[in-house]
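Biologist: Please take me through one part of this model, the open sheet, and then through what can be said about the contacts and salt bridges elsewhere in the chain. I would like one connected account.

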Amino acid sequence: MWRYIAGASNPNEKGGQTQEKKREYQQEYETNKRVRHYCITWEKSRPWLKDTENGMICTACKDHGDTTTLFAVGCQSYKLDSLVKHERSKQHEKAVLFANAKTQPRTESQAAKIIQTLNADIFEKLEKMFRTCHALVRNNRPLSDFNWLCDLDEMKGLRLGETYHNTPAAKEFIKAIAEVHFQEVNHIINKSRFICVIGDGSTDSAIKEQEMWYVRTSTAGQVDVKFIGVKSADKADAVNIVNGLQDLVITNVDMEWPAFMQKMVAVACDGASVMVGCKAGVGALLRKDQPSLVTLHCMAHRLELSLKDASKSLKLYDKAINTVAMGLYYFYHNSSLNRAMLRRSYEALKQNNDSAFLIPTRIGGTRWIGHTMRALTNLISSYKYIMAHLGQLTETTERVSADSKSKAHAFMKLLKSKDVVCFLLFLMDALAPLHRLSLQLQERTCVIAKQHSAIASTLEAIRKYKTSDGPHLRKVSGKETFEEIQLTNCSAYEFGAARCNLIKKIEEALEKRFSEFLSQSVVSATKIADIQMWPHDWESLKDHGDEDLRIILEHFKTVLGTASVDLVESELEWIILKKEIHDTDFQSGKVPDWFSVNIRYKGQLTNILAVMDLILTMSPSSAEAERGFSQLKLVKTNIRSKLGQTSLNHCLAIKMLSPDIKDFNPTKAIHHWNESCVRSRRPTSNANTKQSSYTQSLQVLENIQETLEPLEVVEGFDSLQDSDSEIDSESSASDLDDITFFWGPRP
């Protein structure tokens, strides 16, 4: 009504401005408006937003949406309001769903999960067959067993379908399982900064030279050892061995050789000249690509060689071991009658507290000291039963061959000698610390830093037995009988001289074989990683390991630089780390491990912790490769001597990388098998599934359209959207078979 009153204006009108004033204000604003700029903080919650020369760009809409929209071409209006409006638009939300679906792994996308649910019956059948193949390899069975095992499952009422019931299919299943495990090894290597390769060579049942390789890593104080493959070589020289390792890295691990070599800090192997040769050995050839590489001679093998060196030219050792122990082994091993009579002697003489019946075993079967200890234990435990049987053979009324009777006389004479009995018991005492050290070195995750103190304590234990009797030797010390059997030569002069001589030679051999641990070298400097040997008072700890750290930093400066480790900061962080461990752990009586230290100081002392990971990566032993050859001999037997190299690698990968049958989950392997084919997999019979395939296709289409409308993951559904289409013709049924009978890729 205010407009009908002359000279009056509406008091509630906003601004009270006329059209002319508004026009003037707009012209003034356009003339003097502020210049807006792109704000980088907008990208924090919007990963699809980018600033270009043309303005703000939405990468999701540009790649997966309508390319004619403003944010697909370039929006130059740098207003938050414009950005929010675009973010809330339906076109943008649809494009973002497309982009997220593209970045997700194929098997983890929502559409793939829907298809897998619809194909649950097929997946269940494949899961059973994959588990069967996994169990075959884990139990060293040939792949030909897969055929009759499938028939057996069918007879038990398990539904396995009508396809893939053959040996070639089993080989493909095993390949998929092995490749999944090799992908995990690739992930571990890429995640770690440093690696150490462990290798050894041997011949298989087909008399082929095989080179076994493992890779050892340490990430945040956790040591891990993984199998990377086995390679045959026509000639086991250094060039062929290195080429074989390179081929395994590229083929099995799927990693470029230069990238692999950049992380390598050490190679652990046995003492063969082809491996440790300083000019033309494997280590020397690898140092051409990685100058910082350290060649580590297996400490477990060095220990065996030390004992072998010490026992040379010792007459009593030759008499007790080579003549008595080995002679008794062959005496009972080659004659079933002698073995049966020995068991009968045990049954007649055993008492309630006696141990189980033990047959003499071979004392020189392998290099490991544990086998020597077992042979000595069996011989001493069965001593009285052996003597009873030998005494029975020497009787004149016993009808045995002259050869067996003469051998029995000779063995009885030696076993009654106190020199021989004392030496056998003394060996059990003297070899006990060596056996303990050998078992420690054979552990998969043994650390080179801890072997310094282990070697020192082993030497001290052996020196003690030079003058004092051990627990086994005390059983006969000062006595003229052993196990109620009268001994001869009770003065034991020969044993007294041999005892001192053997201990002296063992001590000299250990110091010679492990000289690297006693000198100023890179190997000796690794002892700084053994926290248990750090002094607990700060005055001694503050300078502890400083020189050793400088040796390691100088030697591995190239590798550490590639791993983005600051050498100057490492020395400073070393002092801080020692102080922190002293104040936090040592004063409370605790000794932490490197895993807990990494958790505590992960974001603070990154450089020195990386140096410790480098030391933990270095393997002091190649025993893992020896265990690998034990598995190889179980897989490639005389009956399966024609097993191909690729199949051998796949079988060994499953045996050494895959979990037990109860813990095995074949889901990843099934997806990998399904995606690795050139053509779509067909795990069902075409004759019985044309109609069901079409029904499944329509159901898949409905689910995807209802729940994931923007996701077009499965191709070929556009041709099925016509509601008037029919499936009477053979051509349409065959087309459906080509697109949806499993969730695999199209050719």
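Modeller: The open sheet in this predicted model has 5 strands in the order S5-S4-S3-S6-S7, and their pairing is mixed. At its edges are strand S5 (222-233) and strand S7 (294-297), each of which pairs on one side only. On average, neighbouring strands of the sheet are turned by 20 degrees against each other, direction ignored. In general, strands of a sheet pair through backbone hydrogen bonds, either parallel or antiparallel. Strand S3 (residues 195-203) and strand S4 (residues 209-219) run antiparallel and are joined by 9 bridges. To find one of these pairings in the viewer, start at Cys196, whose bridge partner in S4 is Arg216.

Two helices lie across parts of this sheet. Helix H10 (residues 238-251) lies across S4 and S5, and runs at about 120 degrees to S5. Helix H30 (residues 623-635) lies across S3, S4 and S5, at about 130 degrees to S4.

Next, the nonpolar packing. The largest nonpolar core has 190 residues, and those touching the most other members are Phe173, Trp213, Leu390 and Trp594. The element that gives the most to this core is helix H20 (residues 418-441), with 14 residues. For Trp594, leaving aside residues up to four places away in sequence, the contacts are Ala220, Gly221, Ala529, Ile531, Trp534, Leu577, Leu609, Met612 and Leu616. There is also a second, separate core of 14 residues, which includes Tyr38, Cys61, Leu83 and Ala95.

Now the charged residues. Asp585 sits in the loop between helix H27 (567-584) and helix H28 (594-600). Asp585 counts as buried because its relative accessibility is 5%, and the cut-off for buried is under 20%. Not counting residues up to four places away in sequence, Asp585 touches Glu580, Lys590, Pro592 and Arg600. With Arg600, the contact is a salt bridge between the side chains, 2.9 Å from N to O. This pair links distant parts of the chain, with Arg600 in helix H28 and Asp585 in the loop between H27 and H28, 15 residues apart. The two partners differ in burial: Arg600 is partly exposed at 31% relative accessibility, whereas Asp585 is buried at 5%.

The structure holds 30 salt bridges, and two others can be set beside that one. Arg463 forms a salt bridge with Glu511, in which the closest N and O atoms are 3.6 Å apart. This pair also links distant parts of the chain: Arg463 belongs to helix H21 (residues 451-464) and Glu511 to helix H22 (residues 493-513), 48 residues apart. Arg463 is partly exposed, with a relative accessible area of 28%, and Glu511 is partly exposed as well, at 33%. Both residues belong to a network in which salt bridges that share partners join Glu460, Arg463, Glu507 and Glu511. The other pair is Lys350 and Glu347, whose side chains meet in a salt bridge at 3.5 Å, N to O. Lys350 is partly exposed, with a relative accessible area of 40%, and Glu347 is partly exposed at 43% relative accessibility.

Technical notes:
Residues numbered from 1 in each chain as written. Predicted model: local features only at pLDDT ≥ 70, side-chain atom pairs only at ≥ 80, totals over all residues. Heavy atoms only, no water. Pairing = 2+ DSSP bridges. Helix = DSSP H or I, 4+ residues; strand = E, 2+ residues; numbered from the N terminus. Axes fitted to C-alpha atoms, helices over the stretch in contact; angles between N-to-C directions. Contact = heavy atoms within 4.5 Å. Buried < 20%, exposed > 50% of the residue type's maximum accessible area, 1.4 Å probe, protein only. Salt bridge = Lys/Arg side-chain N within 4 Å of Asp/Glu carboxyl O. Core = buried A, V, L, I, M, F, W, Y, C linked by side-chain atoms within 4.5 Å.
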